[in-house]
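Hello,

Here is the structure we spoke about. Please open it and keep it beside you while you read the notes below.

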Amino acid sequence: MIPLISPDAPPLPAGDIQRQLAYLQAVVSNMPQGISVFDESLRLRIWNDGLLKVLGLPAETVFEGALFSDLIRIPASRGEYGPGDVEAHVERITALAMKFEAHCFERTRPNGTTHLVQGEPLYMGDQLVGFITTYTDITERKAAETALRKQHSQLHTIIESIPSAVSLFSADTHLELCNTEFQRLLDFPPALTQPGTPIEELFRFNTRRGEYGPGDEDAIVQSLLKRARKPASHHFERTRPNGKILEVRGVPLPEGGFVTVYTDITERRHSAEREQLAQKVYSHTPAGIIFTDDAHRILSINPATTQMTDYETFELIGQTVFGLLNLEPGQNADELQVQLAQRGSWSGELTVNQKNGSSLPVGTRVNRVDDPQSGMPAHYVWILADITERKQAEDRMRHIAQTDALTGLPNRLALLMRLAQILPDARRHQWKVAMMFLDLDRFKIINDTLGHQVGDELLREVACRLSKLVRETDFVARIGGDEFVIILPAISSPADAASIASKVTAALSIPIETDDHELHTSPSIGISIFPDDGPDADIILKNADTAMYHAKAAGRNNYQFFAAEMNHSAAERLHIERKLRHAIARNELNLDYQPQFNASDRTPIGVEALVRWHHPSEGLISPARFIPVAEETGLINDIGDWVLNTACREMARWIGAGLRPMRVAVNVSARQLRRRDFCETVANALTTSQLPPELLELEITESSVMENPQEATQILERLGRMGVTLAIDDFGTGYSSLAYLKLFPIDHLKIDRSFVADIEHDLNDRAIAFGTIALAHSLGLKVIAEGVETEDQLDLLRTNGCDEVQGYLLSRPLNAAAAFAFLHASHDPE
């Protein structure tokens with residue numbers, strides 16, 4: 001409230017009053033502000049020119065007694081109070097003025113000028129007589145304030161944008177300014193980063209959490225405060241407990257205080273360490289490293305590259321890397337560059353050219369380095385590893401993998417790889433290729449009797465002889481055991497293969513001399529022709545194998561060409577083998593017994609056990625079909641054991657049931673006889689069945705004992721000492737040495753049915769049969785003839801001294817029950 005006249009002022013004379021009014025008028029007129037005085041009726045009483053300028057009032061509208069509302073209407077009509085109805089603005093502003101309340105506000109006119117409007121009510125004594133308003137132009141001040149605020153905002157933005165932490169402390173070491181990074185990087189709580197915070201509090205907070213290391217808190221803080229009160233430029237690094245590395249830079253201010261900048265250089269330090277490590281790796285790695293531009297021109301090489309190539313760095317800089325490296329066969333530099341541009345990397349094996357003209361195998365990996373700005377290829381890094389030792393090891397392993405260790409010949413793997421090369425060429429050029437599958441006859445006997453060392457010597461000599469027989473373009477391999485394969489590419493006709501087969505047979509017929517032995521062997525050779533006998537390696541090899549088995553069946557020491565019908569018999573063998581493996585377990589085998597008789601009075605004296613196979617779907621399978629397969633596959637051992645045990649058990653059961661004791665004859669195969677535990681197997685069968693040994697007769701073919709006469713003699717003598725009787729079966733069909741025959745501890749010779757069948761008409765068969773009887777008797781052996789089917793055959797044999805007979809004339813083979821009944825009735829006619 002402004003009193004119009006001070007109540008304490010003494011009254012002035014009239015002349016002085018006039019003078020005072022003049023003074024006041026002069027003051028009002030010369031004030032830089034606009035001034036208006038309205039009475040209690042809101043009529044203008046006093047003003048100056050500044051009022052007209054502030055409100056933009058025309059001079060004619062401003063006069064003593066002018067209404068407040070009329071004057072306000074002028075700027076309102078110009079929109080200076082905002083949009084809307086002019087009279088509404090006039091009424092609103094007039095109503096505010098009628099309150100005669102003190103006010104102070106800023107108003108910016110449309111022309112951009114800003115005024116500070118201040119109003120106070122006027123009182124004369126206690127009576128309201130109006131109000132006075134001043135209008136001060138503050139446009140420049142506002143512009144300065146705006147510029148200052150903008151500058152402050154920019155400074156704040158700059159400080160906040162700085163990636164480092166920034167702090168400003170006053171001369172009295174109180175925080176005046178810091179950015180957000182200061183709080184984040186130094187992990188201060190928000191309360192400690194407010195302006196006015198003493199630096200001592202920050203020091204103490206850091207000391208307590210170990211930022212400055214161990215020590216007394218107060219001593220550390222006082223030491224830091226001493227330096228802060230006398231600031232000087234400083235620069236150092238500090239590692240925080242969390243591992244961050246800070247670079248600290250401080251600068252004192254002229255007027256006191258100081259600014260400090262904290263920069264996190266952890267990654268920079270780590271990057272520097274990594275760079276140093278990378279440089280060490282680059283300089284000391286044994287792998288060659290070549291750095292090129294996007295055109296594969298060499299920019300730098302490491303020392304290992306120089307060691308590999310003998311080229312110095314200056315000799316290679318600027319040269320294309322493709323002049324140093326030899327690409328893989330079938331690949332060119334353009335293709336590799338396209339591949340690198342598309343995929344960004346490549347790896348493989350190349351050779352690097354050395355300065356002396358030689359080359360070095362290297363494992364190579366190439367990686368593209370793209371420009372981080374454009375994303376386009378900028379550089380390539382070539383890494384070269386010397387793989388000489390690995391290549392040599394691979395060559396050694398390849399040689400081991402593809403070479404037979406015993407003979408030095410290629411093995412099965414090498415054979416298949418060679419066929420993979422030869423057959424496509426043969427198909428393309430329409431060549432014929434012969435495949436010869438060779439198996440050594442009687443090798444197993446030599447190996448088993450003379451030992452593996454002798455067997456190995458034999459195989460090495462065979463390999464040597466085969467290699468000398470063939471052409472350089474031919475291929476000889478050992479594929480296992482005593483099996484060899486010869487490939488004859490580009491033959492003109494099968495006759496060429498037959499010629500080589502004949503040479504092989506002749507070469508192997510020459511005895512092989514070892515240290516203490518003269519070895520004899522012969523080949524069984526199967527031959528197949530590509531493409532006549534098959535379209536691929538597997539079939540050609542299989543068909544040659546099949547033909548080889550036919551060569552063995554044809555008497556060995558010969559060769560056979562493959563024919564389609566051979567596969568039928570091979571399939572038959574596989575069919576029989578597959579079913580035979582389950583025959584014992586499924587109780588499909590049984591025994592028939594054919595009685596044997598005294599030739600003079602036809603009295604039964606024993607039986608021969610004959611194995612029969614009753615298949616559930618195929619019915620009775622002839623022994624002629626399955627016995628050879630069992631011999632070939634080794635299944636004869638299991639079948640023979642079953643026959644032996646069953647026959648002994650059955651005869652013991654018959655005797656226990658009242659049958660007069662008589663012998664049971666069991667056939668023994670060559671495979672059984674070669675078993676180390678055969679004598680133990682016989683003894684176990686006798687013990688288990690409790691059959692007296694003299695009632696068991698083992699029938700052995702003359703060919704089986706003649707395979708290895710010395711070993712056979714030892715086995716037969718052991719069996720003889722056990723009390724078992726022995727018979728030579730099928731006598732006369734093989735090759736027997738009479739010198740060995742008289743040494744064998746045998747009891748019977750059995751004349752083969754082939755000599756008995758025509759004894760009535762064929763004088764040769766009759767002479768053989770009678771000669772055999774005489775020979776046996778001269779050696780103290782009994783003779784039994786098998787296959788007797790007529791009375792005339794029986795009379796001829798009996799009159800010439802044959803001791804025993806068996807055959808359909810006297811009895812067919814009978815099952816166990818029928819045989820027991822027949823034998824029991826023969827000895828008990830009542």
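A word on labels before the notes: helices (H or I, at least four residues) and strands (E, at least two) are DSSP runs, numbered from the N terminus. By that numbering, Asp-310 sits in the loop between helix 10 (303-309) and helix 11. Also keep in mind that this is a predicted model.

**Backbone oddities**

Stay with Asp-310 for a moment. Its phi is near 70°, a positive value in a residue other than glycine. Asp-310 is partly exposed, with a relative accessible area of 39%.

Leu-42 also has a positive phi, near 60°, and is not a glycine. Look for Leu-42 in the loop between strand 2 (34-39) and strand 3 (44-47). Leu-42 is buried, at a relative accessible area of 5%.

There is a cis peptide bond as well. It joins Phe-530 and Pro-531, with omega at about 5°. Pro-531 belongs to the loop between strand 23 and helix 18. Why flag these spots? Most residues other than glycine have a negative phi, and most peptide bonds are trans.

**Aromatic pairs**

The whole structure was searched, and 14 aromatic pairs turned up. One of them is Phe-322 with Trp-382: the ring centres are 5.6 Å apart and the planes stand at 90°, so this pair is edge-to-face. Phe-322 is in the loop between helix 11 (313-316) and strand 14 (325-326), while Trp-382 is in strand 17 (residues 377-386). The pair therefore ties together parts that are 60 residues apart in sequence. Both Phe-322 and Trp-382 are buried.

Next, look at Tyr-593 and Trp-654. Their ring centres lie 4.9 Å apart with planes at 65°; planes over 60 degrees apart count as edge-to-face, so this pair qualifies. Tyr-593 comes from strand 25 (residues 589-598) and Trp-654 from helix 21 (residues 636-656), so the pair links parts 61 residues apart in sequence. Tyr-593 is buried, with a relative accessible area of 2%. Trp-654 is buried too, with 1%.

There is also an aromatic cluster. Its members are Phe-38, Phe-68, Phe-100 and Phe-131.

**Two packed helices**

Phe-68 turns up again in a helix contact. Helix 3 (residues 68-77) packs against helix 4 (residues 86-97) at an angle of about 135°, and the axes are 9 Å apart. That angle makes helix 3 oblique to helix 4. The crossing of helix 3 and helix 4 is right-handed. On the helix 3 side the contact includes Phe-68, Ile-72 and Ala-76. On the helix 4 side it includes Val-86, Val-90 and Ile-93.

**A five-stranded sheet**

Last, find the open sheet of five strands. Its order is 19-20-18-23-24, with mixed pairing. Which strands are the edge strands? Strand 19 (475-480) and strand 24 (558-561), each of which pairs on one side only. Neighbouring strands are turned by 20° against each other on average, direction ignored.

Inside the sheet, strand 18 (residues 432-441) and strand 20 (residues 483-491) run antiparallel and are joined by seven bridges. Asp-439 stands opposite Glu-483 in strand 20.

Two helices lie across strand 18, strand 20, strand 23 and strand 24. Helix 17 (residues 494-509) is one, running at about 165° to strand 23 (522-530). Helix 18 (residues 537-553) lies across those strands too, at about 145° to strand 23.

Best wishes

Conventions
Residues numbered from 1 in each chain as written. Predicted model: local features only at pLDDT ≥ 70, side-chain atom pairs only at ≥ 80, totals over all residues. Heavy atoms only, no water. Phe/Tyr/Trp six-rings, centres within 6.5 Å; stacked < 30°, edge-to-face > 60°. Buried < 20%, exposed > 50% of the residue type's maximum accessible area, 1.4 Å probe, protein only. Pairing = 2+ DSSP bridges. Axes fitted to C-alpha atoms, helices over the stretch in contact; angles between N-to-C directions. Contact = heavy atoms within 4.5 Å. Parallel < 35°, antiparallel > 145°, perpendicular 65-115°, else oblique. Left-handed = near helix turned anticlockwise from the far one by under 90°.
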